[in-house]
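Me: Could you take me through one part of this model closely, and then show how it connects with the rest? I would like one connected answer, with the distances and angles where you have them.

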Amino acid sequence: MPYSLANQLVVAISSRALFDFESENTLFESGDATAYKALQLKLLDKPAAPGVAYALVQKLLALNDGDAHRVEVVILSRNDPVSGLRAFRSAQHHGLTLERGVFTQGRPPFKYLNALHANLFLSMNEADVRDALAAGFPAAQVYPQSVHAAGRHPDEIRIAFDGDAVLFSDEAERIYQRDGLPAFHRHERDHVTRPLPPGPFKPLLEALHRLQRAEAPVRLRTALVTARSAPAHERAIRTLMDWQIEVDEAMFLGGLEKGPFLREFEPDFFFDDQTGHCISGALAVPTGQVIAGVANDPDESGALKAGATVINKV
């Protein structure tokens, strides 16, 4: 019987999101594939330092306990197979149990997410993240300048999510952008009992919620960190209740900068759709941008896509 990834949380991650390949990536981006391959081969016995998403992966793998294999992490990379050797060598050096990898030598790798039944894709390549989201997979572009996880809670995995366009659809966000704040609040009051449509990261939250029930050596803790404020907070809470999903903490910040609050929560990763929030978050914690929704649609909100001011739903 072939090995099955069924009933596991499957995380696909690029080698650059997992390890610090920033200096090598400069050569890769130059288009000199031969020189890049030669450099990685030269550095084969030099383990790469942990990257932005390393702490998250390390803790997720800690959910595997004895015969209970709950999480599978697969390297999914534009690297060539020879360069992939260094990624696996680095994983072995750091004690990460990684057994599977797909290396596409410059071609878009997102098409393999379906075969992997991936619950999450993390990459620093914007085009790959957009393609993954368009195909229906939770995906985020990792910010390379993010502060790494603090490591002060070794027995907990902490993950923070924005609401609109991440856990929820961008339905309400579109009204805010088109008609302004009073219309947004009026819409949310009028529809308070109607659950928000799901966003791209609802499947990941569901998978994490299932893992929270497992008797694992590491505890999962989730937080909703949103620019919503009262009275718009109620629809978000009611939506989670309708989904029968509980988050451990909820922060309705009403336009306050998210970074200081994330610094206190200390998540191993934070997901948001808006560049302004991601920049603020990256100064405090590992951060990835969910390139979805109206804020990331150049046809409807090109100025916001480039400028990324913080949306204040106060």
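## A strand and its surroundings

Reply: Happy to. Let's begin with strand β6 (residues 156-161) and β9, which run parallel and are joined by three bridges. Please keep in mind throughout that this is a predicted model. Within that pairing, A160 has F270 in β9 as its bridge partner. β9 (residues 269-272) also pairs with strand β10 (residues 287-289), again in the parallel sense and over three bridges. There, D272 stands opposite Q289.

Which residues of β9 are buried on each of its faces? F269 and F271 are buried on one side, and F270 and D272 are buried on the other, so both faces of the strand are covered.

Let's follow the side with F269 and F271. Both of these residues are buried, and their rings form an aromatic pair with centres 5.0 Å apart. The planes of F269 and F271 make an angle of 40 degrees, and the pair counts as tilted. Ring pairs go on to link F269 and F271 with F161 and F201 in a cluster. In the structure as a whole there are nine aromatic pairs.

F271 is a good residue to put at the centre of your view. Setting aside neighbours within four places in sequence, F271 is in contact with L120, L122, A140, I159, A160, F161, D162, V166, F201, L204, G288 and V290. F271 also belongs to the largest nonpolar core, which has 69 residues. The members of that core that touch the most others are L9, L18, L96, L122, F161, F201 and F271. Another core lies apart from it, with ten residues, including A223, V225, L253 and A284. As a general point, nonpolar side chains in soluble globular proteins tend to be buried together.

Two of the contacts of F271, L122 and A140, take us to another pair of strands. A140 in β5 is the bridge partner of L122. Strand β4 (residues 120-123) and β5 are parallel, with three bridges between them. Along β5 (residues 139-142), A139 and Q141 point one way while A140 and V142 point the other way, and all are buried.

Back by β9, helix α13 (residues 275-282) has seven of its eight residues buried, so the helix is largely enclosed by the rest of the structure. Those buried residues are T275, G276, H277, C278, S280, G281 and A282. In the loop between β10 and α14 (298-307) you will find V294. V294 has a relative accessibility of 5%, so it counts as buried. From V294 to G84 the C-alpha to C-alpha distance is 36 Å, with the two positions 210 residues apart in sequence.

Now for the connections elsewhere, starting with another tilted ring pair. F19 and Y54 have ring centres 6.4 Å apart and planes at 45 degrees, so this pair is tilted. F19 sits in the loop between α1 (15-18) and α2 (22-29), whereas Y54 is in helix α4 (residues 54-61), so their pairing ties together parts that are 35 residues apart in sequence. F19 is buried, at 0% relative accessible area, and Y54 counts as buried at 8% relative accessibility.

Helix α1 also holds S15, which counts as buried at 3% relative accessibility. The side chain of S15 makes a polar contact of 2.8 Å with the side chain of N79. Leaving out residues up to four places away in sequence, S15 touches F21, I75, S77, N79 and A87.

N79 itself is in the loop between β2 (71-77) and α5 (81-93), and counts as buried at 5% relative accessibility. The N79 side chain makes a polar contact with the side chain of Y36 too, at 2.8 Å. Beyond its neighbours within four places in sequence, N79 is in contact with S15, F28, Y36, F103, T104 and Q105.

Finally, if you are interested in charges over rings, there are two to look at. R100 lies over the face of Y3, 4.2 Å from the ring centre. The charged end of R158 sits over the ring of F265, at 5.9 Å from its centre. R158 brings us back to where we began, with β6 (residues 156-161) running parallel to β9.

Methods: Residues numbered from 1 in each chain as written. Predicted model: local features only at pLDDT ≥ 70, side-chain atom pairs only at ≥ 80, totals over all residues. Heavy atoms only, no water. Core = buried A, V, L, I, M, F, W, Y, C linked by side-chain atoms within 4.5 Å. Buried < 20%, exposed > 50% of the residue type's maximum accessible area, 1.4 Å probe, protein only. Contact = heavy atoms within 4.5 Å. Phe/Tyr/Trp six-rings, centres within 6.5 Å; stacked < 30°, edge-to-face > 60°. Helix = DSSP H or I, 4+ residues; strand = E, 2+ residues; numbered from the N terminus. Lys NZ or Arg CZ within 6 Å of the ring centre and 35° of its normal. Polar contact = N/O pair within 3.5 Å; in protein donor to acceptor, adjacent residues only side chain to side chain. Pairing = 2+ DSSP bridges.
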